[in-house]
Amino acid sequence: MVCPCGLLTRQEEPVPLKSISVTLSICEFVAGVSATLNYENEEKVPLEAFFVFPMDEDSAVYSFEAMVDGKKIMAELQDKMKAHSDYEDAISQGHQAFLLEEDKCSRDVFCCNVGNLQPGSKAELTLKYVQELPLEADGALRYVLPAILNPRYELSGWPEDSCLKMKTPVVPLEDLPYTLSMVATISSQHGIQNIQCNCPLSLIEYLGDDKTSAQITLADGHKFDRDVELLIYYSEVHTPSVAVEMGKPTTKPDCLMGDPCAMVSFYPNIPEAQPPITRGEFVFLMDRSGSMQCPMSKQNKSQLRIEAAKETLTLLLKSLPMGCYFNVYGFGSRYEAFFPRSVRYTQLTMEQALRRVKLMRADLGGTEILAPLKNIYSGHSIRGHPLQLFVFTDGEVIDTFSVIDEVQSNSLRHRCFSFGIGEGASTSLIKGIARVAGGTSEFITGNDRMQSKALRALKRSLQPLVEDVCLSWDLPRDLSANVLSPEQTVIFRGQRLIVYAQLTGMMPPADATGEVCLKYTLQGKSFENKVTFSLQPKSDANFPIHRLAAKSFLQTKDMGFRQTPAKDKKDVLEVSIECGVISSHTAFIAINKDLNNPVRGPLVRRGVPRPILLSATSVLPRYGGFAERKASSSYLLPASWSIRSTSYYSCVSYRQKCYNPHRSTLNKKLYSLVFGDNHLVQLISLQKADGSWDLNEGLAMVLHMNMEDILAAFPIKNGNSSGWATVLAVLWLHTNAKNMQCEWELLERKAVAWIQMHAGSVMNVLMKAAVGFLQSSVDASMLTR
């Protein structure tokens, strides 16, 4: 079943879509978007039609209008049930009507009904929305124009009234009859350093000597084979700020739209705790549905999702701290767990898990995530080891609200870190489960590395909790701040914190200022961040800050058309309708009563097909070629090699029992077959659970040395060879893989801790000898940092 992106008739046949044009305006980290879809009914009979499209779940949709044969018809936001009733009544009376709503099962899918579209008529359907832009780890602001709406797995008992039930034909990519155009304007007071796009651009122009604005244009010929992604680098993104927006003059005071609204941005300088915590229960829930066999992106020679997932799992397992507990689940139509319940992390259990990872395939059918989640939550908590859940999925789940509700109901006992794999992953699911469980969400598309994003999340999970988070305001008398964002209980190092507040009371003179202070404690120490701001509000006809404030409020209260508690539904309806921001309980409705032409006979069906995108089977052969090369990038040892090896043997015994030049040559060939030239992968595969390395032929191959030379350079005769091997491995990481440090940082910390514990007295001697032996420029004192 495919969820299309385009206008469809009531009988599920697409109407000819001519073009989609998008105008994007980005100011600092807020994007304003206007998207117009141009259709034409070339038939001789009127149509009732609807279109379906993806939308980032953080988008605040606040306007919808139709231009039909030169006449503009503005939509009104109403209670969803009333809007549906008014729409049906209008159609039955021969009027023209338009209905825009959020899907009942997922916040990131929208559908629009167009009733009584006349023969020869041209319709321009325009919607507008605003959105916060997420901040990437490298300082980039990320904007995505969703173009991919992947198939969603259908559960038993799935609601029949979801727009995702529709089907559409497919055609080769080059035969798509519609086009996409986009023009974007970007501005920042701090200046723009760089703009990157995953799609070709016909224009990128920086304006002004200080490069505070830029304009870009998407090149002609873009097809719907990928989402359009922009990465925007400003000269400065970590400056705290407060923006105050004037309320709507025609609205009554003391309501959200009538009062000024503030948007507060903090970048807390949270110190990195030393040492990180070593306790916890780490559960990795990995998607193994059939869609995980697809490439990471829709381009040739992209790694398969399941292969990237296996590499990531292996790296995570290597990076866990000794003494914690862990488990790995794979899910599809059914689920499998590596262990009945979470087990203590040891060399033995790590080896057992790695063997299971090696055998993982995308062979479990559909995407049924609720059952494994319930199984995970049904287990007893391990005292002193709080649960940290990591969810990896391509997000092809229909009823995202039910999944989010399950995670939220268990939010007090765990944190959830979520990862959307590939283009088209459900933003509603990925962002929703992380938001309600105090974690973070990441999306892995294009050239993104799942490994680095997963390890960043693991690093965050190992940091002590920031506690006693509170926000205080210092405002003039008769002015107060009503915070609309949910109470902030979790802050992670390196993250941005955005808070919205309604300013009520008497606004002071133009030169007045206010102050807001963020306070928190970490490991018993108190910290605070302050920012002073002008209380002179600025006007904006689209009221983006007010819309985003309303969206922030709705995300905490609106749990779906069916799941929202009755006590919250009233607040959702009130804020949604007052601020004009759509929710699962409201819909935009527009009626053109100038048209009074009752429909006679059935509606004609015509299709706007979706493209056939490259699949895993069309890109990668089953045997040989690229598929084999991709397999070589796994962080896994060959099946015939034991991961366990003997520790603490002397140089003499090692030389006598292990070294064989002829066998070394054979193993080098085997290493080359399995790992290719990826020496980092080889090195990680050899590390033990406690962080150490054994001195063996595998390590010698990574170092491009022979065993005789390595043994000869060992400065402590008859000493612990594992200490020498571990020092060499750590030094190799710093010398040859510095650019990948985010992926090996945690396992390197384990190694350093092991060295300090088992070879502390001779650590400086080993390090100095290793620097000379490897001819490295790394500071020999780095292990004592």
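Hi everyone, let me start with one side chain: leaving aside neighbours within four places in sequence, F284 is in contact with L313, L316, L317, L320, N327, V328, Y329, F390 and F392. Contact here means heavy atoms within 4.5 Å. A word on provenance: this is a predicted model, where local features need pLDDT of at least 70 and side-chain atom pairs count only at pLDDT 80 or more, while totals for chains, interfaces and linings use all residues. Residues are numbered from 1 along each chain as its sequence is written, and side-chain values use heavy atoms, with hydrogens and water left out.

Back to F284. Together with F392, F284 has the most contacts inside the largest nonpolar core, which holds 84 residues. By nonpolar core I mean a set of buried Ala, Val, Leu, Ile, Met, Phe, Trp, Tyr and Cys residues joined through side-chain atoms within 4.5 Å. Buried, in turn, is under 20% relative accessible area, exposed is over 50%, and partly exposed is in between, using a 1.4 Å probe and protein chains only. The biggest contribution to this core, nine residues, comes from helix α17, residues 721–736. A second, separate core has 81 residues, and I73, F98, C199 and V575 are among them.

Now the chain as a whole. It has 19 helices and 33 strands; these are DSSP runs numbered from the N terminus, with helices being H or I of at least four residues and strands being E of at least two. Of its 785 residues, 58% count as buried. If you take contacts between residues at least 6 apart in sequence, 76% of them join residues at least 24 apart. The chain exposes about 32000 Å², with carbon and sulfur atoms supplying 50% of that; the areas come from the Shrake-Rupley method with a 1.4 Å probe, and for residues only the protein chains shown count as cover.

Next, a small sheet. Which order do its three strands take? The sheet is open, with the order β27-β30-β31 and antiparallel pairing, where two strands pair if DSSP finds at least two bridges between them. At the edges sit β27 (467–474) and β31, each pairing on one side only. On average, neighbouring strands of this sheet are turned by 15° against each other, direction ignored; the axes are lines fitted to C-alpha atoms, for helices over the stretch in contact, and angles run from 0 to 180 degrees between N-to-C directions.

Let me walk across it. Six bridges join β27 to β30, and D474 has E515 in β30 as its bridge partner. On the other side, 10 bridges join β30, residues 513–522, to β31. Here V516 has V531 in β31 as its bridge partner, and L522 stands opposite K525. The hairpin of β30 and β31 has two residues between the strands, and Q523 takes a positive phi near 50° there. Seven of the 10 residues of β30 are buried, so this strand is largely enclosed by the rest of the structure.

Moving along the chain, we reach Q536, in the loop between β31 (525–534) and α8. Is Q536 buried or partly exposed? With a relative accessible area of 39%, Q536 is partly exposed. Not counting residues up to four places away in sequence, Q536 touches V244 and A510. The C-alpha atoms of Q536 and M507 are 8.4 Å apart, with their positions 29 residues apart in sequence.

Then come two helices. In α8, 12 of the 14 residues are buried, so α8 is largely enclosed by the rest of the structure; the buried ones include H546, R547 and K551. For those who like a geometry check, 14 residues at 1.5 Å each should span 20 Å, and the end C-alpha atoms of α8 are 20 Å apart, which agrees. The expected span is 1.5 Å times one less than the number of residues. Helix α9 (residues 566–579) also has 14 residues, and its 20 Å between end C-alpha atoms agrees with the expected 20 Å.

Which residues of α9 are buried? They are D568, V572, L573, V575, S576 and C579. Their cover includes β7 (76–79), α8 (544–557) and β32 (586–592). Just after α9, G580 takes a positive phi of about 70°.

I'll finish in β32, where N592 lies. N592 counts as buried, at 8% relative accessibility. Not counting residues up to four places away in sequence, N592 touches K71, I73, H95 and Q96. Thanks, and happy to take questions!
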